[in-house]
Amino acid sequence: MGGDDKMKNAAEKAKGEAKEALGKVTDDEKTETEGKAEQSKSDLKQAGEKVKDAFKG
């Protein structure tokens, strides 16, 4: 996995975590759900990059 991809995925995950926390604090289910979705998207990207790396190496 490239360093840039790692940083982008980590930033996306952190953004999702923050959004989820904000949704919980403000009792906004939509924001909380969006945060969880962003985290899931980031996790899937990381998994895909690990699979690519496994086939390269």
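In this predicted model, glutamate 17 is partly exposed, since its relative accessible area is 40%, and the residue lies in helix α1. Although glutamate 17 and alanine 54 are 37 residues apart along the chain, the distance between their C-alpha atoms can be stated directly, and it comes to 28 Å.

Lysine 19 is likewise found in helix α1, and at 24% relative accessibility it counts as partly exposed, because the class of buried residues is reserved for values under 20%. When residues up to four places away in sequence are left aside, lysine 19 touches Thr31, Glu32, Glu34, Gly35 and Glu38. Alanine 54, by contrast, is 35 residues from lysine 19 in sequence, and the two C-alpha atoms are 32 Å apart in space.

Glutamate 20 also has its place in helix α1, the helix that covers residues 3-26. With a relative accessible area of 15%, glutamate 20 is buried, because this value falls under the 20% cut-off. The partners of glutamate 20, again without counting residues up to four places away in sequence, are Thr31, Glu32, Gly35, Lys36 and Gln39. Thr31, Glu32 and Gly35 are thus among the residues touched by glutamate 20, and they are also among those touched by lysine 19.

Between α1 and α2 there is a loop, and aspartate 27 has its place there. The backbone of aspartate 27 has a positive phi of about 60°, although the residue is not a glycine. Most residues other than glycine have a negative phi. Aspartate 27 also counts as exposed, because its relative accessibility of 67% is over the 50% that marks this class.

On the other side of the loop, helix α2 comprises residues 29-56, and valine 51 lies within it. Valine 51 counts as partly exposed, because its relative accessibility of 46% falls between the limits of 20% and 50%. Valine 51 and glutamine 39 are 12 residues apart along the chain, and a distance of 19 Å separates their C-alpha atoms.

Taken as a whole, the protein contains two helices and zero strands. Its radius of gyration is 13 Å, which is well over the 10 Å that the globule rule gives for 57 residues, and the protein is therefore more spread out than a compact globule. Along the principal axes, the C-alpha atoms fill a box of roughly 45 × 15 × 10 Å. Of the 57 residues, 21% count as buried, and glutamate 20 is one of the buried residues. Among the contacts with a separation of 6 or more, 43% are accounted for by residues 24 or more positions apart.

The surface that the protein exposes amounts to about 4200 Å², and carbon and sulfur atoms supply 57% of this area. The protein carries 13 positive and 14 negative charges, and the mean positions of the two sets are 5 Å apart.

In the UniProt record, which is an unreviewed entry, residues 5-56 are listed under "domain: CsbD-like". Over this stretch of residues 5-56, the chain in the model is 96% helix and 0% strand, while the C-alpha atoms at its ends are 16 Å apart.

Definitions and conventions:
Residues numbered from 1 in each chain as written. Predicted model: local features only at pLDDT ≥ 70, side-chain atom pairs only at ≥ 80, totals over all residues. Heavy atoms only, no water. Helix = DSSP H or I, 4+ residues; strand = E, 2+ residues; numbered from the N terminus. Buried < 20%, exposed > 50% of the residue type's maximum accessible area, 1.4 Å probe, protein only. Contact = heavy atoms within 4.5 Å. Rg over C-alpha atoms; globule rule 2.2 N^0.38 Å. Areas by Shrake-Rupley, 256 points an atom, 1.4 Å probe, with all protein chains shown as cover. Lys, Arg positive; Asp, Glu negative; His and termini not counted. Charge placed at Lys NZ, Arg CZ, Asp CG, Glu CD. UniProt positions renumbered as here; feature names shortened; annotations may be inferred.
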